[in-house]
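I opened this notebook to keep track of what I looked up, entry by entry, for a reader who meets the structure here.

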Amino acid sequence: MVRRYDPAVPVAADVLDRVLEAGLRVPSAGFTQGVSLLVLEGADVERYWSLTTDPTAAPDRWLAGMRTAPVLVLVWTAPGAYLDRYAEPDKGWTDRDPARWTAPYWHVDAGMAVLAMLYAAVDEGLGACFFGVPPERIGAVATAYGVPDGQELVGVVSLGAPSGSGRRSRRERRSSDELVHRGHWRPTSHPIS
Ligand SMILES: Cc1cc2nc3c(=O)[nH]c(=O)nc-3n(C[C@H](O)[C@H](O)[C@H](O)COP(=O)(O)O)c2cc1C
């Protein structure tokens, strides 16, 4: 994840198109394809930050870095599209009962789209970061950009030319011994609840 960008280096239109295409060319539950991307550049990016941050507070290090991103891709998903798709005869979940879902596939699919865009960004020599949006600001974002009812904002992918080497997480990466279980779940010294 890259959290500071070189504002002097724009993202070329063809590069951006390829990253977006990667986000759409992902598996989706029932091939619902219920994830949509709202692409913001220029003044629309400025507007996003003014809608989601406190204008009276000085930006912290995270915000100062992220505001340098020339492109933001807002990732939306439509739960209703999945409920409709799975109510079709080949699935048959006509009761639209949320308890049927192993996990909400509308969120799973959004994660698939995000990861594909992150990989595509790296392949294009860009940096990227996925980040969340304060829930209480999402309504204002939806209104500002004309997003219809029924769309849920999952998060945002920032894109741009990386600036600096970035900062490693203070957390250590967990080992495969802790996280991979073969045949039977083994107790580990730091169990994940
Ligand atoms: C679901 C999800 C939510 C995340 N939210 C944020 C976020 O709000 N802000 C942020 O700076 N990074 C966010 N991240 C990035 C993680 O902090 C990052 O992936 C982790 O620290 C590992 O770093 P790396 O991806 O650079 O290896 C998020 C990642 C995921 C998968």
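The entries below go through the sheet, the helices on it, the aromatic rings and the charged side chains.

**Entry 1: the sheet**

I noted before anything else that this is a predicted model. I then looked up how the strands are arranged, and found an open sheet of four strands in the order E1-E2-E4-E3, with antiparallel pairing. The edge strands are E1 (35–41) and E3 (127–131), each of which pairs on one side only. I also looked up the turn between neighbouring strands of this sheet, which is 20° on average when direction is ignored.

I went through the pairings one by one. E1 and E2 run antiparallel and are joined by seven bridges, and within this pairing Leu37 has Val75 in E2 as its bridge partner. E2 and E4 also run antiparallel, and seven bridges join them; here I found that Thr77 has Glu152 in E4 as its bridge partner. E3 pairs with strand E4 (residues 152–160) over five bridges, again in the antiparallel sense, and Cys129 stands opposite Ser158 in E4.

**Entry 2: strand E2 and the helices on the sheet**

I asked how many residues of E2 are buried. The strand is mostly covered, with seven of its seven residues buried. When I sorted them by direction, Val71, Val73, Val75 and Thr77 pointed one way from E2, while Leu72, Leu74 and Trp76 pointed the other way, and all are buried.

Next I looked for helices lying against the strands. H2 lies across E1, strand E2 (71–77), E3 and E4, and runs at about 105° to E1. Helix H5 (residues 105–123) packs on the sheet as well, touching E1, E2, E3 and E4, and the direction of H5 makes about 0° with that of E4.

**Entry 3: aromatic rings**

I looked up the ring pairs next, and the count comes to eleven aromatic pairs. One of them is formed by Trp49 and Trp62, an edge-to-face pair with 6.2 Å from centre to centre and 80° between the planes. This pair links distant parts of the chain, since Trp49 belongs to helix H2 (residues 43–52) and Trp62 to helix H3 (residues 61–66), 13 residues apart. I checked how covered each partner is: Trp49 counts as buried at 2% relative accessibility, whereas Trp62 is partly exposed, with a relative accessible area of 34%.

I then turned to Trp93 and Trp101, whose ring centres are 5.2 Å apart and whose planes stand at 90°, so this pair is edge-to-face. Trp93 counts as partly exposed at 22% relative accessibility, while Trp101, at 8%, counts as buried. Both rings belong to a cluster in which ring pairs link Tyr82, Tyr86, Trp93, Trp101, Tyr105 and Trp106.

I also looked for a charge over a ring, and found that Arg47 lies over the face of Tyr145, at 5.5 Å from the ring centre.

**Entry 4: salt bridges**

My last search was for salt bridges, of which the structure holds eight. In one of them the side chains of Asp84 and Arg96 meet, with 2.5 Å from N to O. Asp84 lies in helix H4 (residues 79–86) and Arg96 in the loop between H4 and H5, so the pair ties together parts that are twelve residues apart in sequence. Asp84 is partly exposed at 44% relative accessibility, and Arg96 is partly exposed with a relative accessible area of 34%.

I asked whether the partners in the salt bridge of Asp90 and Arg85, which meet at 2.7 Å from N to O, are buried or exposed. Asp90 counts as exposed at 52% relative accessibility, but Arg85 counts as buried at 15%.

For Arg100 I found a salt bridge with Asp95, in which the closest N and O atoms are 2.9 Å apart. Arg100 is partly exposed, with a relative accessible area of 38%, and Asp95 counts as partly exposed at 46% relative accessibility. I closed the search with Asp14, Arg18 and Glu124, which are linked in a network of salt bridges.

Technical notes:
Residues are numbered from 1 along each chain as its sequence is written. This is a predicted model: local features need pLDDT of at least 70, side-chain atom pairs count only at pLDDT 80 or more; totals for chains, interfaces and linings use all residues. Side-chain values use heavy atoms; hydrogens and water are left out. Rings of Phe, Tyr and Trp (its six-membered ring) pair if their centres lie within 6.5 Å; planes under 30 degrees apart count as stacked, over 60 as edge-to-face and the rest as tilted. Helices (H or I, at least four residues) and strands (E, at least two) are DSSP runs, numbered from the N terminus. Buried means under 20% relative accessible area, exposed over 50%, partly exposed in between (1.4 Å probe, protein chains only). A charge sits over a ring if NZ of Lys or CZ of Arg is within 6 Å of the ring centre and within 35 degrees of the ring normal. Two strands pair if DSSP finds at least two bridges between them. Axes are lines fitted to C-alpha atoms, for helices over the stretch in contact, and angles run from 0 to 180 degrees between N-to-C directions. Contact means heavy atoms within 4.5 Å. A salt bridge is a side-chain nitrogen of Lys or Arg within 4 Å of a carboxyl oxygen of Asp or Glu.
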